[in-house]
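Trainee: Got a minute? I have a chain open and would like to go through it with you.

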Amino acid sequence: MARQTFETELQDLKIELVKMAGIVEEQINNSMEAFKKKDDKLARDVIEKDRTVDDMEKSVESKCLSLLLKQQPVARDLRDVSTALKMVTDLERIGDQAADIADLVRHIEGEHIFSIVKHIPPMAELSVEMVHNSIVAFVSEDMTLAKDTIKQDDKVDELFCEVKKEVVEILKSDPEKSDAGINFLMIAKYLERIGDHAENICDWIEFSETGDYKNARIL
């Protein structure tokens, strides 16, 4: 396999990852829009579109393995392909969590207290921003942006703690809202995990650039 061909296929792989990330980002936004508006159709659309994300994961994985098999990659090549393999797993999990949020939205009944759990919307906004910035950092090889994105995960965790406090107060004032409270807490937990996956992507970007992963030398 000629070097030029390898580099072209590697670039195509990165483009497919970016497309997958765009779909995943849209999935999170749509799941939260469905939550806000109690839109059952939009929630079902998110769940159904998760198959597209799953199919893209398989496609990216196949291309990664093909690149590894066709040429004995040098260290930087190996890091790039390994990073793509790790990133696609995190993106697939983010897609799953968006679908999980949509599924919870479909089962929320009774009074809608979206506006009462005030920290869920900013938590969702920050999680989406982290996913978006992690992909921008990947494409532009921007280590500063990657590190800044990692720091944002602390804020997502803080917001999750605030959501827990809000849910506790809701349950204290009205125990009959226990099922809704659990659903809202689960939605917040999925958003917290999305932030974790965006942080993982940034950690692998650092590995791709330096060979270090979480301050440990790997390759």
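Trainee: Which helix does G181 lie in?
Mentor: G181 lies in helix α6. Keep in mind that this is a predicted model.

Trainee: Is G181 buried or exposed?
Mentor: Its relative accessible area is 4%. The cut-off for buried is under 20%, so G181 counts as buried.

Trainee: What is G181 in contact with, leaving aside its neighbours within four places in sequence?
Mentor: With those neighbours left out, G181 is in contact with V167 and L171.

Trainee: And how far is G181 from L191 in space?
Mentor: Their C-alpha atoms are separated by 16 Å. Along the chain, G181 and L191 are 10 residues apart.

Trainee: Let me zoom out. How many helices and strands are there in the chain?
Mentor: The chain has six helices and two strands.

Trainee: In what order do the elements run from the N terminus?
Mentor: The order is α-α-α-α-α-α-β-β. That puts the helices ahead of the strands.

Trainee: What box do the C-alpha atoms fill?
Mentor: Roughly 65 × 35 × 20 Å, taken along the principal axes.

Trainee: What share of the residues is buried?
Mentor: The chain has 219 residues, and 47% of them are buried.

Trainee: And the accessible surface, what does that come to?
Mentor: About 10800 Å² for the chain. Carbon and sulfur atoms hold 50% of that surface.

Trainee: What about contacts between residues far apart in sequence?
Mentor: Take the contacts with a separation of 6 or more. Of these, 82% join residues 24 or more positions apart.

Trainee: Switching to charge. How many positive and negative side chains does the chain have?
Mentor: There are 30 positive and 47 negative side chains. The centres of the two sets lie 1 Å apart.

Trainee: Next, holes. How many cavities of 30 Å³ or more are there?
Mentor: The count comes to one. The largest cavity has a volume of about 50 Å³.

Trainee: Which residues line the largest cavity?
Mentor: The lining is K14, R76, D80, F138, E141, I205, S208 and E209. Two elements give two or more residues to that lining, α3 and α6.

Trainee: Which element gives the most?
Mentor: That is α6, with three residues.

Trainee: E141 is in that lining. Where is E141 found?
Mentor: E141 sits in the loop between α4 (120-140) and α5 (143-173). E141 is partly exposed, since its relative accessible area is 39%.

Trainee: What is the phi of E141?
Mentor: About 55 degrees, a positive value, although E141 is not a glycine. Most residues other than glycine have a negative phi.

Trainee: Which loop does K38 lie in?
Mentor: K38 lies in the loop between α1 (3-37) and α2 (40-70). Phi of K38 is near 55 degrees, and K38 is not a glycine.

Trainee: Why does K38 count as partly exposed?
Mentor: Because its relative accessibility is 40%. Partly exposed lies between the 20% and 50% cut-offs.

Trainee: And I108, where is that found?
Mentor: In the loop between α3 and α4. I108 counts as buried, because its relative accessibility is 7%.

Trainee: What is I108 in contact with, apart from its neighbours within four places in sequence?
Mentor: I108 is in contact with F35, K38, N183, F184 and I187. So K38, the loop residue with positive phi, turns up again.

Trainee: How far is I108 from T8?
Mentor: Their C-alpha atoms are separated by 47 Å. The two are 100 residues apart along the chain.

Trainee: Let me try a helix residue. Which helix does T83 lie in?
Mentor: T83 lies in α3, residues 75-106. T83 is buried, at 0% relative accessibility.

Trainee: Which residues is T83 in contact with, leaving aside those within four places in sequence?
Mentor: F138, W204, I205, F207 and S208. Of these, F138, I205 and S208 also line the largest cavity.

Trainee: Last one. Where is I15?
Mentor: I15 is in helix α1. I15 is partly exposed, with a relative accessible area of 40%.

Trainee: How far apart are I15 and D96 in space?
Mentor: They are 21 Å apart, C-alpha to C-alpha. In sequence, I15 and D96 are 81 residues apart.

Notes: Residues are numbered from 1 along each chain as its sequence is written. This is a predicted model: local features need pLDDT of at least 70, side-chain atom pairs count only at pLDDT 80 or more; totals for chains, interfaces and linings use all residues. Side-chain values use heavy atoms; hydrogens and water are left out. Helices (H or I, at least four residues) and strands (E, at least two) are DSSP runs, numbered from the N terminus. Buried means under 20% relative accessible area, exposed over 50%, partly exposed in between (1.4 Å probe, protein chains only). Contact means heavy atoms within 4.5 Å. Accessible areas come from the Shrake-Rupley method with a 1.4 Å probe; for residues, only the protein chains shown count as cover. Lys and Arg count as positive and Asp and Glu as negative; His and the chain ends are not counted. The place of a charge is taken as NZ of Lys, CZ of Arg, CG of Asp or CD of Glu. On a 1 Å grid over the protein atoms alone, a cavity is a set of points where a 1.4 Å probe fits but cannot get out, and a pocket is an open set with protein on both sides within 12 Å along at least five of seven lines; lining residues have an atom within 4 Å of a point. Grid points are joined across faces, edges and corners, and a volume is the space filled by probe spheres set on the points.
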